[in-house]
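I opened the notebook to work through one model. My plan was to go from the whole chain down to single residues.

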Amino acid sequence: MAKPSNGLLLLEKKLSELLSGLNDAESDDAWQQVATTAQVLANGLRDKDDSIDNHSILGRTPLIQHLKSLFTLALHGSTIPDSAYTSPILEILRVSANLCMDHDDNRASLLNAGFLQALVSLLDAYLAGFDSSSDSHQPLPLSLSHLKVIRTAVGVLLNASVGYDPVKVKLISIDAGSTLLKLNSYIYPPGAWRFSSSPDAEEWQIRNMLSAWVWRTLMELKEVKDESLQPLSAKDLPFLTISLAAYTPPHTSTSSTSFLTHSEMFCELLQTDLDSLEESCTFIESLSLDVEEIRLSLARGFRNPKDHPAGSSLRFILDFLEKGEYPSLWANAPNDFDLPRKQKAFDMCKAALIKTVVEVAGEEGAERSLWDESEEAVGGEFVARMVGWLKGYVSDTDAGKGDFFHRADLATCASLSLGNLTRQEKNATVLLSLPHSLAPVLSSQHLLSPSTDIKVKHGVLGLLKHIAQAGPPGSDIHDILGKAGLIQRICDSDVWDERTDAMAEVLQVSAIGVVKHMCNSNVDNTISLVLSPATETSVSLSGLSLILALVKRTDTVTVKSEGTRVLVNVVKSLWSGDIIGTPVATMSSPIATGTVETVLLAGKDRKKKESMKAVLTMQCATALASLVGRSGQYPLLVNEGVVALTLLSTQKVGAPLVLRAILAPLPFENPPSSANPPSASTSVTTDGSSPTIATPSTRGRLPLPKTTLDMFIAVLKNVDNLVNFQPEVRINICSLFNQLGRNASGDELDKVKDTVRPVLERVLESLQDATGKEEMLGKAVKKVLDTWA
């Protein structure tokens, strides 16, 4: 066993003797001896001796308890030490800091002695006399001796907490994180040194180091194992956003400094300012992502800053995002300052705060604070600001001016935030109406084009998807978006191009969602998607052809299913209002002469017919059949596919295509994941008798069928299925068979009849005494058998 260091033990004994003497009678000389003895002891503990474990040896003595007693005596009943006693207190703190360095037992002893708690009280006391309403650019006025005491006290807390959870938990429980953050904001307000007319280098060196230690301690507390514990709360947000002010005009443009720009201190303080910004943004981001109350406080503080702990924090964040800029002093820094790296770090801070704004806007309950329902406000200040960012991006890009990267960040933040707030029809209507009128903006080539920043495109398509799905089928919302040329703009953006498959699947799905809703019960939008704008007759370059090509080549079931659902809505819209069974080539036309309106109607009628021809293809029939065949887990998707196939079968040209499609072998595909169920939509029946159905609860998954006809049979039987299909779905399958019987013939139809007839007969027999919907199903089955007879 290693021998103890007699020198350090003698110092510990000397401190013990001095403590006994001070308890009897104090003297200035005794306190000077305490300071001198503790200084030598602290110096001896700065480094660890591999041969002698002095830290463990001294930790087993009464030293820590004596340090606590000396600290208490030095305060003389006050909360803050008199300047005459700052020297011994400083050295006592140095001993404590070095004693617990990388030593869990000594950390535990400091904690059990109440020493760490006493240090937090000391730091709180320094805060008590500071006027928080004073100029935030003026740091807390303190002498060098007091600054050193505060810095060393923070050093003790840092050394005690590094990697040691019991200390972290205790410090969090007594709100030490809040104390440290406030203290740092008062002692080292970022950028404050720039306004000092005659800065003291030593003073700012101490403030600089203290700030670094505070942030390191806060980060240690943040890493506590119990994730439910947070070192900071909503009331601390205003002290986190102080760092943002140093980078938000007018401060950055009016600052001046007496530090020589080529001095080492100049670069250190510039770096410390940036470190404070990075740490603040990291905390704001993590708190907003992890803590619901933080998100709600930021939103509520935006509406009523005086009534909520977060105050105007969200406003400061928005100001920083919109106006924050690289400090002009960075240009004066020497070459080794690494300006590109600093600029990248600054940009990452903005990216972190964009996540915060988006998360706040997406918090359930935040809408009441961020969206003003009054008619005068038209959405409110937050909404107007986000709309302004989008419009500013488009106008600045159109004019070729402004910081493109900066504006792209704002456009991304605005679109994602508005998307989170636009989940109701009334909100979507506000965005598309005066004074916002966002439809032409969202249809701009600067927001949706092959060269658009992918983050901007992601945000805009997400917003458009929320706007489009907020309106019911046939909504004015879809008309407004359609008249703004949105569908063609999306088609021209290359979002469905094969080159984007590897990196833009989320964008592809969002774009599909936009046009899916826009084409639901809207013939004009459907025509825009189906027909190429060049010839108005070609399907080769149309949006629908791009989606179907994507559906064919993708391996992602979500893309396949949602892409095919676009086709479902296309067919439903084009066939709406037409007489079932009327051939496209002979369908009556409202052509008349003499008025502009009749000419326009005639043109629309012609385009509608061309569109119907364009989807009466083997490609479309196969896509719909595949949707049915692979969606056994989702009766809703099966039903949608059946309805669309039935509509195609009302045409003499379409019925044979459908026959071949349902008899063709299905390609092997993984069934849809239960984590991505289909979104709700309205079902349409061909007979007009079946009501809208909802997706029933599933008990499992159907075996993969070999053909779509196999799926039809399984649904009709609805026996031993792992999924329960409602009668409406089975009735719609019967309607499909009826249309095939009317409009097709030949060997393929005979094969279907021979395969399905026995199934229908058994189903009909099982429904002899049925009532309600089951009785309706029996009538539908009998109608098929009669038609085929």
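The entries below record what I looked up, in order.

**Entry 1: the whole chain.** I noted at the start that this is a predicted model. I counted the secondary structure next: the chain has 38 helices and 0 strands. I then checked burial and found that buried residues account for 54% of the 789 residues. I looked up the accessible surface, which is about 33,200 Å². Carbon and sulfur atoms hold 52% of that surface. I also looked at contact range. Taking contacts between residues at least 6 apart in sequence, I found that 77% join residues at least 24 apart.

**Entry 2: helix H34.** I turned to H34, residues 654-663. How many of its 10 residues are buried? I got 8, so this helix is largely enclosed by the rest of the structure. I listed the buried ones: Gly 654, Ala 655, Leu 657, Val 658, Leu 659, Ala 661, Ile 662 and Leu 663. Next I asked which helices these buried residues pack against. I found H32 (618-630) and H33 (635-649) before it in the chain, and H35 (708-717), H36 (727-743) and H37 (747-766) after it.

**Entry 3: the second largest pocket.** I read off a volume of about 440 Å³ for this pocket. I found 18 residues in its lining. Which of them lie nearest the centre? I wrote down Asp 524, Asn 525, Ile 527, Ser 528 and Lys 607. I then traced the lining back to helices. H25 (476-483), H26 (486-492), H28 (523-530) and H31 (596-615) each supply at least two residues. H28 gives the largest share, 4 residues. I sorted the lining by class as well: 5 residues are nonpolar, 7 are polar and 6 are charged.

**Entry 4: Asp 398.** I located Asp 398 in helix H20, which covers residues 381-399. Is Asp 398 buried or exposed? I found a relative accessible area of 57%. Exposed means over 50%, so Asp 398 counts as exposed. I then looked for a partner to its side chain. The side chain of Asp 398 makes a polar contact with the side chain of His 446, at 3.3 Å. I checked the separation of the pair: 48 residues in sequence, and 7.5 Å in space from C-alpha to C-alpha. My last note is that Asp 398 is exposed and still has this side-chain contact with His 446.

Technical notes: Residues are numbered from 1 along each chain as its sequence is written. This is a predicted model: local features need pLDDT of at least 70, side-chain atom pairs count only at pLDDT 80 or more; totals for chains, interfaces and linings use all residues. Side-chain values use heavy atoms; hydrogens and water are left out. Buried means under 20% relative accessible area, exposed over 50%, partly exposed in between (1.4 Å probe, protein chains only). A polar contact is a pair of N or O atoms within 3.5 Å; within protein, one must be able to donate a hydrogen and the other to accept it, and residues adjacent in sequence count only if both atoms are side-chain atoms. Contact means heavy atoms within 4.5 Å. On a 1 Å grid over the protein atoms alone, a cavity is a set of points where a 1.4 Å probe fits but cannot get out, and a pocket is an open set with protein on both sides within 12 Å along at least five of seven lines; lining residues have an atom within 4 Å of a point. Grid points are joined across faces, edges and corners, and a volume is the space filled by probe spheres set on the points. Ala, Val, Leu, Ile, Met, Phe, Trp, Tyr, Cys and Pro count as nonpolar, Asp, Glu, Lys and Arg as charged, and the others, Gly among them, as polar. Accessible areas come from the Shrake-Rupley method with a 1.4 Å probe; for residues, only the protein chains shown count as cover.
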